[in-house]
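Me: Could you look at this one with me? I'd like to talk through the RNA surface and some helix packing.

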Amino acid sequence: MAKVLTSKEENYSQWYNDLVTKADLAENSSVRGCMVIKPYGYAIWEKIQNILDTMFKKTGHSNAYFPLLIPKSFFSKEASHVEGFAKECAIVTHYRLKNSPDGKGVIVDETAKLEEELIIRPTSETIIWSTYKNWIQSYRDLPLLINQWANIVRWEMRTRLFLRTSEFLWQEGHTAHATKEEAIEETNKMLNIYAEFAEKTLGIPVIIGKKSDSEKFAGAIDTYCIEAMMLDGKALQAGTSHFLGQNFAKAFDVKFTNKEGKLDYVWATSWGVSTRLIGALIMAHSDNNGLVLPPKIAPIQVVIIPIYKNEQEHSIVLNKCKEIKEKLENVALTVKLDDRDTQKPGWKFAEYELKGIPIRIAVGPKDIENGTIEIARRDTLEKKLIPNDNFSENVLKLLDDIQQNIYNKALKFREQHTYKIDNYTEFKTAIENGGFFEAFWDGTPETEAKIKDETKATIRCIPQYSNDKEGFCMVTGKPSKKRVIFARAY
RNA sequence: CGGGGUAUAGCGCAGUUGGCUAGCGUAUCUGCUUUGGGAGCAGAGGGUCGCAAGUUCGAGUCUUGCUACCCCGACCA
């Protein structure tokens, strides 16, 4: 087979870039740092949207849409929020262009300067909370459970397709509650939804935990996250959920009358996942032949390729393929029949492997004669012949197997690259090869900064679930309540 | 914003001490043969050599300036 991808052993980042472009997921645009998401990549995003959206609706959330542009003054209302985002905001200053005097193109019309400059949203807390102020008066208006699917802009220094781009797509949930407990419960609920989605649908095992103060969202009391391990041993934050306390309610004066008739500030949460999940999907499962997609997220689950020598064989084989397609569609699978005669079967095999289609079915004259079909699975690259009657059940079962196998493989990989470590000198060496390191930390920002400075590793999260006893910080030797996860991260 | 690199056909690249008609692979188009793992042969089309100025009889090649992009840092989901 012709080699189209750089192997991931040879150059991991190049492998990733090759994969994204060759599998036709996305490409760089003429705007620096912004990507064009191509139809196949966007189809994956649509699957992510559909499945998550259903989960949000089931838990009582509704979608709404807030503006792209936010008055600059809104930003200064919550101190740590401004500080966190100020350095990466795009600003709209004018509203009109005019013909350039030299006749070459257009220039900004300086007379059309905005009274108040507008910020292109890097996140929507401020515009949303300024709106919620008018929506909430009484405990009867609560909880307010809103989500929006949107694009946002953060002016990034260095970008990579899906993992970090200046503009990206995401969903952001913003909820308001009458009590602290209820808001905390919401924060956890959404975090668990993300974890379930990552594991069950994307086949990516995640560690659920809490961020240290330095990694916290600007404006949050607590930030929780799910962290996944990529195939190079680096960590990727796959979703976040924030308990915002009353910070934004106070900043935007959102008060309600409680059951006792007293005025109080509401309690808030926000939570989000982005197109970065597509990057996670790629780097969690793929191999040197291309993308490997879990069946539940694959835009096409089964591809059928007819094989024939002449027109007569073609019509017989094609009829069989159509019959197979129909049967599989009857059991709710998404199936593509690739009957193009402009490409040869071998070319198609390689192409659909590159694109990560979970199952490939090939039908040729020999199969018709023997009453079989050839079925190949993408995750293991195994091929086998199965009887051509009653194959639907086989296919369904195989898809389940693939989904499970992809998850198991990723989990095993993470376990093999997760280490308990108590000695900082050993840590400094070991971190070079990637992986997650469970280590005791004294809980101080100083120690955290020292480790980051010396090793580029950060605390990915303080895990929610662990059965560790207390110990001593690997750097300072001070007492520590539990182990935290250190890793280098995307 | 620092340090390094690149810019030649859609994509990936070569082009020597300046030398006359700018080439290779791949993709594209046409025809024939092929079709169970990225087909073969024959032919064809496709270029402001990043932009601007300079040196020269002559510049893809040398000089200067500019611009864009990539990689490594700082910043970040």
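The chat below takes up the RNA strand and then two helix pairs.

Me: Before we start, what are the ground rules here?
Reply: This is a predicted model, in which local features need pLDDT of at least 70, side-chain atom pairs count only at pLDDT 80 or more, and totals for chains, interfaces and linings use all residues. Residues are numbered from 1 along each chain as its sequence is written, chains are lettered from A and ligands numbered from 1 in the order in which they are written, and side-chain values use heavy atoms, with hydrogens and water left out.

Me: OK, which residues come nearest to RNA strand B?
Reply: Arg158, Arg164, Arg276, Trp347 and Asp367 do, out of the 36 residues around the strand, where a residue is near if one of its heavy atoms lies within 4 Å.

Me: And what classes of residue make up that surface?
Reply: The surface near RNA strand B has 16 charged, 15 nonpolar and 5 polar residues, with Ala, Val, Leu, Ile, Met, Phe, Trp, Tyr, Cys and Pro counted as nonpolar, Asp, Glu, Lys and Arg as charged, and the others, Gly among them, as polar.

Me: What does glutamate 351 sit across from?
Reply: An N or O atom in the side chain of glutamate 351 is 3.4 Å from a base nitrogen of RNA strand B, and for glutamate 156 the partner is a sugar or linking oxygen of the strand, at 3.2 Å.

Me: Which elements give two or more residues to that surface?
Reply: They are helix H10 (345–354), strand E19 (359–363) and helix H11 (365–370), with helices (H or I, at least four residues) and strands (E, at least two) taken as DSSP runs numbered from the N terminus. H10 gives the most, with 8 residues.

Me: Switching topic, at what angle do H2 and H8 pack?
Reply: Helix H2 (residues 39–58) and helix H8 (residues 276–285) pack at about 105°, with their axes 10 Å apart; axes are lines fitted to C-alpha atoms, for helices over the stretch in contact, and angles run from 0 to 180 degrees between N-to-C directions.

Me: Which residues meet there?
Reply: Gly41, Ile44, Trp45 and Ile48 in H2 meet Leu277, Ile278 and Leu281 in H8, contact meaning heavy atoms within 4.5 Å. By class, that contact has 6 nonpolar, 1 polar and no charged residues.

Me: And how do H9 and H12 cross?
Reply: The axes of helix H9 (residues 311–330) and helix H12 (residues 391–416) come within 10 Å and cross at roughly 60°.

Methods
Polar contact = N/O pair within 3.5 Å; in protein donor to acceptor, adjacent residues only side chain to side chain.
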